[in-house]
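Please work through the exercises below with the sequence and the 3D view side by side. Each one sets a task and then solves it step by step.

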Amino acid sequence: MSMCEYCDTNESQVLKRVTVTRQRHGQWYIFEDVPALVCPHCGHRYFDAEVLEAMESRMRDMPADARAVTAYAISLSEKTA
Ligand SMILES: [Zn+2]
């Protein structure tokens, strides 16, 4: 297993199931149980090309078991100037 591209750890990445958010044309999508290799040092997440394509295809063609959720979008622009 390769080392992390984003930090200098020599710890091996760990296979986990993670939650991923994506945005397309103003619409947010939340993907659950996404397989990722995660760096135990910096937390960077690596996804296989086929996993990325699986998310893309489901944003184009919504699965029947997708659940609509309500979310709050909160800007910190005035607090972080
Ligand atoms: Zn790392």
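**Exercise 1: the zinc site**

Identify the protein donors of the zinc ion in this predicted model, and decide which geometry the site has.

Solution. The protein donors of the zinc ion are the SG atoms of Cys4, Cys7, Cys39 and Cys42, which lie 2.3 to 2.4 Å from the ion. The next step is to look at the angles among these four donor atoms, which run from 104 to 114 degrees. Four donors count as tetrahedral if all angles lie between 85 and 135 degrees, and the site of the zinc ion is therefore tetrahedral. For orientation, the ideal angle for four tetrahedral donors is 109.5 degrees.

**Exercise 2: the donors along the chain**

Describe how the donor residues of the zinc ion are spaced in sequence.

Solution. The spacing of the donor residues follows the pattern C-x2-C-x31-C-x2-C. Cys4 and Cys39 link distant parts of the chain, being 35 residues apart: Cys4 belongs to the segment before strand S1 (14–24), whereas Cys39 sits in the loop between strand S2 (27–38) and strand S3 (45–46). As a last step, check their accessibility, where both Cys4 and Cys39 turn out to be buried.

**Exercise 3: the strands**

Work out how S1 pairs with S2, and how S2 pairs with S3.

Solution. Begin with S1 and S2, which run antiparallel and are joined by ten bridges, with Arg17 standing opposite Pro35 in S2. These two strands form a hairpin with two residues between them, and His25 in the turn has a positive phi of about 50 degrees. Then turn to S2 and S3, which also pair in the antiparallel sense, over two bridges, with Val38 opposite Arg45 in S3. Here the hairpin has six residues between its strands, and Gly43 in the turn shows a positive phi of about 85 degrees.

**Exercise 4: the salt bridges**

How many salt bridges are there, and which residues form them?

Solution. The count comes to three salt bridges. In one of them, the side chains of Glu56 and Arg24 meet at 2.3 Å, N to O, and this pair links helix H1 with strand S1 across 32 residues. In another, Glu32 and Arg67 have their closest N and O atoms 3.1 Å apart; Glu32 lies in strand S2 and Arg67 in the segment after H1, 35 residues apart. Finally, Arg60 pairs with Glu53 at 3.0 Å between the closest N and O atoms; Arg60 is exposed, with a relative accessible area of 61%, while Glu53 is partly exposed at 41%.

Note on methods: Residues numbered from 1 in each chain as written. Predicted model: local features only at pLDDT ≥ 70, side-chain atom pairs only at ≥ 80, totals over all residues. Heavy atoms only, no water. Donors = N, O, S within 2.8 Å, 3.2 Å for Na, K, Ca; no water. Tetrahedral: all angles 85-135°; square planar, octahedral: opposite > 155°, others 65-115°. Helix = DSSP H or I, 4+ residues; strand = E, 2+ residues; numbered from the N terminus. Buried < 20%, exposed > 50% of the residue type's maximum accessible area, 1.4 Å probe, protein only. Pairing = 2+ DSSP bridges. Salt bridge = Lys/Arg side-chain N within 4 Å of Asp/Glu carboxyl O.
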